[in-house]
Amino acid sequence: NSWDILTSPFQLLYDIGDRLVNPLSHPRTWGVTLLMGLFLNMLYFSFRMIRNKTCPGVFDEEDIPYADEVDYNGKRIFLDEEGLGIIEIEGKYGYIDKDKNLVIKAVYDDAYPFCNGDAPVKMNGKWGLIDKKGKYIIEPEYDDIEAFHEGLALVELHGKNGYINRYGEIVIPIVYDQASVFQNGQALVSLDGKSFFHIDKQGKK
């Protein structure tokens, strides 16, 4: 009972302690806990795969796609589908090419690989998108952003997700608790983090 924390806090602590000390005596409690944990983990990794594994290539240790790699000053640098790799110089991030030339200056607080011609970068606590010349496609104004997929970019602002076009216009409202990038004309979204459904590029179910 959720009111027990107010009406019987000591009894509640005793019950919790009893379940921790004697787990075999409370199979239902631990069964529900393990099933819920398994479900949440599956949900998390499913969304991670949908969000990250949408560009060709293999994947590095952090599950980020890459197509090749080079050795740069003794460091293993992964190259994305555009042949560019992220490097860190004095705490800032930029991009080198396969010949180890610095092609986009290391000025960003954080950066991700290129996908479909653009890459998410972070400046002053906000995320935007740049092209292969380092020019902004989308100015840094979001809490998170994904590269464009099928003409729309997934963005996050104040804990909610939505979609913008290449002009920076919001085409699907930023109202979803969770959302994936578009694939085959559809994206998987949730308004409450529990119930999921697909929407099209007009935001219709």
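At 14% relative accessibility, N165 counts as buried, where buried means under 20% relative accessible area, exposed means over 50% and partly exposed lies in between (1.4 Å probe, protein chains only). This is a predicted model, in which local features need pLDDT of at least 70 and side-chain atom pairs count only at pLDDT 80 or more, while totals for chains, interfaces and linings use all residues. Residues are numbered from 1 along each chain as its sequence is written, and side-chain values use heavy atoms, with hydrogens and water left out.

N165 is found in the loop between β14 and β15; strands (E, at least two residues) and helices (H or I, at least four) are DSSP runs, numbered from the N terminus. The side chain of N165 makes a polar contact with the side chain of E169, at 2.8 Å. A polar contact here is a pair of N or O atoms within 3.5 Å; within protein, one must be able to donate a hydrogen and the other to accept it, and residues adjacent in sequence count only if both atoms are side-chain atoms. When residues up to four places away in sequence are not counted, N165 touches I138, F148, G151, L152 and V171, with contact taken as heavy atoms within 4.5 Å.

The two strands that flank this loop belong to an open sheet of 4 strands, in the order β12-β13-β14-β15, with antiparallel pairing. Two strands are said to pair if DSSP finds at least two bridges between them. β12 (144-145) and β15 (170-176) stand at the edges with a single partner strand each, so one side of each is left without a neighbour in the sheet. Within the sheet, β13 (residues 153-157) and β14 (residues 160-164) pair in the antiparallel sense over 5 bridges, and L157 has K160 in β14 as its bridge partner. In general, the strands of a sheet pair through backbone hydrogen bonds, either parallel or antiparallel.

V175 offers a second view of strand β15, in which it lies. V175 is partly exposed, with a relative accessible area of 39%. Its contacts, leaving aside neighbours within four places in sequence, are K160, N161 and L191. V175 and L191 are 16 residues apart in sequence, and their C-alpha atoms are 6.9 Å apart in space.

A further open sheet has 3 strands in the order β16-β17-β18, again with antiparallel pairing. Its edge strands are β16 and β18, each of which pairs on one side only. β16 (residues 178-179) and β17 (residues 187-190) are joined by 2 bridges: Q178 is partnered with S190, and A179 with V189. Between β17 and β18 (residues 196-199) there are 4 bridges, and A187 stands opposite I199 in β18. The hairpin of β17 and β18 has 5 residues between the strands, and G193 in this hairpin takes a positive phi near 80 degrees.

Another hairpin is built from β3 (residues 68-72) and β4 (residues 75-79), which run antiparallel and are joined by 5 bridges. D68 stands opposite L79 in β4. With 2 residues between its strands, this hairpin has N73 at a positive phi near 55 degrees.

Turning to the packing, the largest nonpolar core holds 12 residues: L152, L154, Y163, I172, Y176, A179, V181, F182, A187, V189, F197 and I199. Such a core is a set of buried Ala, Val, Leu, Ile, Met, Phe, Trp, Tyr and Cys residues joined through side-chain atoms within 4.5 Å. The elements that give two or more residues to this core are β15, β17 and β18. Apart from it lies another core, of 10 residues, among them I145, F148, I164 and I174. F197, a member of the largest core, is in contact with Y176, A187, L188, V189, L191 and K205, leaving aside its neighbours within four places in sequence.

Over the chain as a whole, there are 3 helices and 18 strands. Buried residues make up 33% of the 205 residues. Of the contacts with a separation of 6 or more, 27% are between residues 24 or more positions apart. The accessible surface of the chain comes to about 12600 Å², and 55% of this belongs to carbon and sulfur atoms; accessible areas come from the Shrake-Rupley method with a 1.4 Å probe, and for residues only the protein chains shown count as cover.
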